[in-house]
4 protein chains.
Amino acid sequence: MKKGVMRPGHVQIRVLDMGEAVKHYTDLLGLIETDRDDQGRVYLKAWSEVDKFSVVLREADEPGCDFMGFKVVDEAALNQLEKDLVDYGVEVEQVPAEELKDCGRRVRFTVPSGHAFELYADKKYTGKWGVSSVNPEAWPRGLQGMKAVRFDHVLFYGPELAAVYDIFVNVLGFYLAEQVLDPEGTRVAQFLTVSMKEHDVAFIHHEEKGKFHHASFFLDTWEAVLRSADLISMTDTSIDIGPTRHGLTHGQTIYFFDPSGNRNEVFCGGDYHYPDHKPITWKAEDLGKAIFYHDRVLNERFLTVLT
Amino acid sequence: MKKGVMRPGHVQIRVLDMGEAVKHYTDLLGLIETDRDDQGRVYLKAWSEVDKFSVVLREADEPGCDFMGFKVVDEAALNQLEKDLVDYGVEVEQVPAEELKDCGRRVRFTVPSGHAFELYADKKYTGKWGVSSVNPEAWPRGLQGMKAVRFDHVLFYGPELAAVYDIFVNVLGFYLAEQVLDPEGTRVAQFLTVSMKEHDVAFIHHEEKGKFHHASFFLDTWEAVLRSADLISMTDTSIDIGPTRHGLTHGQTIYFFDPSGNRNEVFCGGDYHYPDHKPITWKAEDLGKAIFYHDRVLNERFLTVLT
Amino acid sequence: MKKGVMRPGHVQIRVLDMGEAVKHYTDLLGLIETDRDDQGRVYLKAWSEVDKFSVVLREADEPGCDFMGFKVVDEAALNQLEKDLVDYGVEVEQVPAEELKDCGRRVRFTVPSGHAFELYADKKYTGKWGVSSVNPEAWPRGLQGMKAVRFDHVLFYGPELAAVYDIFVNVLGFYLAEQVLDPEGTRVAQFLTVSMKEHDVAFIHHEEKGKFHHASFFLDTWEAVLRSADLISMTDTSIDIGPTRHGLTHGQTIYFFDPSGNRNEVFCGGDYHYPDHKPITWKAEDLGKAIFYHDRVLNERFLTVLT
Amino acid sequence: MKKGVMRPGHVQIRVLDMGEAVKHYTDLLGLIETDRDDQGRVYLKAWSEVDKFSVVLREADEPGCDFMGFKVVDEAALNQLEKDLVDYGVEVEQVPAEELKDCGRRVRFTVPSGHAFELYADKKYTGKWGVSSVNPEAWPRGLQGMKAVRFDHVLFYGPELAAVYDIFVNVLGFYLAEQVLDPEGTRVAQFLTVSMKEHDVAFIHHEEKGKFHHASFFLDTWEAVLRSADLISMTDTSIDIGPTRHGLTHGQTIYFFDPSGNRNEVFCGGDYHYPDHKPITWKAEDLGKAIFYHDRVLNERFLTVLT
């Protein structure tokens, strides 16, 4: 957090049918709908998040991810980061306050992998859902489905990982927590963090720009992962893989798809990171184990990514 | 247990290389070697079992299962069961006491699916491994690997399931806990129990006689299943599938292979059975979900069975 | 199950206020109300049970347990057990069919510790709650609170344990799974089973007759025990002790009280029993550890029992 | 981490008998001994820590805590923090490099509650114990006992909490994550963090200066907490309380004592913190539930603290 970027604050996901999508993200994942806007976008949050929303669904003709936003610690940090981006040669776009309801101004930019990111300092503070800020109970009653705890990270696919690394690490103050290196030493995957989490955003090399692999939500326990897998089956939801463990980060995971074809992850556990930790390296020739620690091979579906 | 059959007491498994096999079943599964005999067979048990052994490894040119044995409550029950088998028209073979060390006489017979079973009433009582019978601790320290709790059941593949059912249910006093029925109502899988467990032995229809699918070992918890999957990866052991849940029995499972190609299962959880429970039915057209509840498709490897 | 007694089938508990009691057993424990009768009694079951009810609440001026009933395998077994009780000198009382709704005739008797038990062979088969008998899902959605899996056992306090033992073991076909022996070798606690469970009913020595310690309900996992403890706190329910583990049976447990002062237990795990298992012995001088394995001392509340 | 303080880096604990203490912290907690020095001090670390040691044991006539050290991100941050402390009026002491083996210079100071703290920027980087930095396995084989994952935090008792708050928050860049307020609004407990953890150090009001409540170690799961409690019993170690959950932080915990009487905690779970999170408040009149969420009363032993 050395430059003031705190955490993944939101992700805007395109869905083909809003009704089906809202049902998926609320009934199955257990997110809470908090608002809708004039454009028809639906705002959702996970229960442990203190801000008003972390997921925005937008109805569109194609699934995918519009942008991912990071919350920074205050307006001063936002100004400095904006300046640092511009100084570094990154083109920034101003998104005015309230373009997303109850969210302050956003500084938007696209990185060379073709993905759009935003920084913002303000969003309406609504507190954790279902628990008081005084004498809070351990967890709220009345959660649905998987009871997702928080929006956690996004994995993108695209080219130019080195240039993306420079922006995140040198300009925005992220750290490289984990990486995959090919035999020539080229980094073909990078897991970046601004916190104790093993990744706040991650990139895997892909020829085409702007690909979206998955948005991920945190669960408390391995038992919650099992029950999530059960719910995937009970609701006849399309599963990708899991329950299993990743080699990278060692998180315990399931991948599945929303009704529009966007991949979701729910996971628990995983390693932790401090700024003085040396990056963990996985060899590209062992990518199967790096991604799916138990099977040690990639399934074909894993390779499918959205535009 | 209405006819006195208590539980799966042992299974004899053929292995290609005894050294590798013993390492697999002790270091990885966590069984304890308890003896060896003149034939070179190695005797193993899981820690919570009170008798001297439950797994016998025999070096051979082909992997597979020689026979499975059930312990009956006493010699009177053994005599009666033997008589009932003969009366029913099943050919029985006498295996004298001490053919397996510290095991009493065994009554051996082959069922129409081509699998050999045994009944016996006596085996040396050694008590649980590593815990006292007075003021016993919750679990023994010093267990290896997966820390398997007990030998649990075997799944066989073969023809003539109806005839096999008659012997187990009508002669030996087993109950049908779960079944798979094809659209014509033919039972293509049967899970049989003499206890509260959802299966003590199971059969899936297969054209060829005498096929062996897996021998299964019980674990305490879903977390133990995860750690077992981790160990499979750490030891570069061949995995089949998992961690996942079965639809049939709802147990939480991993399938993997010993160095000879015999499939092992470790699992936890699962439903329970009482004699008045009506059988659970899965439809053959939903066999994918019945076997692998999360993926809802059979992997190709599942279909591989040994002679 | 050698004499045909299968399992604890029901317990009738006295409560001071039916409304509060029903709320406790449904909202908190997660039992399902299945019926009420002309006497105002309320019938409840846990979701995995196949019969119509397992808990009957009766409003009364004092809390406590009226009787505990065991289901036997069929009418023939019931007749034989009734005859065996009478032959042994136990006075039996006939309770006609439908005295409990949808329950067949019951054979009631009181053992020398002062506790009333019943045997019955028939109860309306309603199947598991919330899951189909064809292609059943892993668990039902819509369960409340602790999501108790099944009524499991009762612990009574009273005198004359040896005489009670004779009836349960020699007449009814139970097995002694665990015991506490004082330095003179007198059994001061006995845990009796007719199944693979470590206890279906248990007795601890007490000078006064007919005392009721707790009725117990099974949970799936140690995490379910944690969440149950959380719910106890969230609902401001009176707790006795836990989460902890018992030494006896090694189950993982919480004790708490219903609004009338009846002690409930929810627990998971624990050892298993087969008829050839020698009884586990705990020494009376180590009773603290035998009861509460972690604290190794009895809390004062544990000693409180109801008339 | 806005001022560069990263994490609790070490704690020096006084023990009465070094042999017994090392056995306790290695065999039971599962720490790894990494070195000893000329003064006879023993250095230990938990497996997931990348630096050489996090616990230093010093033999002395009285148990207790000598000091707690925080690692800062680099020498520049250390210099600035030192200057800021001095400017604020805190007396600092220089401890030269190698006074603790393989540790750089430390800046030591005592806060008004009477507790000694240190800041340092360098310690020998040895990497995680038992796993490679390339293709790392999920966890190391060969860990002992509780398999503690990391040294996590310390809880101190003492006066002048407001003055301590000022130093930690205003000078060192910590955040107030949780607090207990008495009816007059006076803060009687403060949980301070420089990371996503709900506390890196905590203080509870006490009349006497410099009291030590416990040093805490992180575990992966609630099942690990259970097994730790089991091990406490198996090794006849003195337990304080647990397994249970805290209200404050919602972590799942056990308190127990080392052979010298120092209280240890092992715990898992708990909430997370970001700099924009408002502090969680517990009311002093609900301190029982705040500390022990399930029992909702303080046990007497909890109030015992060491000089």
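**Reading the symmetry and an interface of a predicted model**

Author: In this predicted model, chain D is superposed on chain A by a rotation of 180° with 0.0 Å of shift along its axis, at an RMSD of 0.0 Å. The two copies are thus related as by a two-fold rotation axis. The same surface serves both of them, since 100% of the contact residues of chain D recur in chain A.

Reader: Let us turn to another pair. How many residues of chain C are in contact with chain A?

Author: On the side of chain C there are 15 residues, and they are in contact with 15 residues of chain A.

Reader: How should the extent of such an interface be expressed, and what is the area buried between chain C and chain A?

Author: The size of an interface is often given as the accessible area lost when the parts come together. Between chain C and chain A the buried area is about 1500 Å², with 51% of it given by carbon and sulfur atoms. Within chain C, the residues that lose the most area to chain A are Trp139(C), Arg141(C) and Met234(C), which together account for 43% of what that side buries.

Reader: Which helix gives the largest share of the side of chain C that touches chain A?

Author: Helix α4 of chain C, residues 222-234, contributes that share, with six residues. By class, this side of chain C holds seven charged, five nonpolar and three polar residues.

Reader: How many salt bridges and how many residue pairs in polar contact are found between chain C and chain A?

Author: The count of salt bridges between these chains is zero. Four residue pairs are in polar contact across the interface of chain C and chain A, both residues being at pLDDT 80 or more.

Methods: Residues numbered from 1 in each chain as written. Chains lettered and ligands numbered in written order. Predicted model: local features only at pLDDT ≥ 70, side-chain atom pairs only at ≥ 80, totals over all residues. Heavy atoms only, no water. Least-squares fit on C-alpha atoms with pLDDT ≥ 70 in both. Contact = heavy atoms within 4.5 Å. Buried area = accessible area lost by both parts, 1.4 Å probe. Salt bridge = Lys/Arg side-chain N within 4 Å of Asp/Glu carboxyl O. Polar contact = N/O pair within 3.5 Å; in protein donor to acceptor, adjacent residues only side chain to side chain. Helix = DSSP H or I, 4+ residues; strand = E, 2+ residues; numbered from the N terminus. Nonpolar A, V, L, I, M, F, W, Y, C, P; charged D, E, K, R; others polar.
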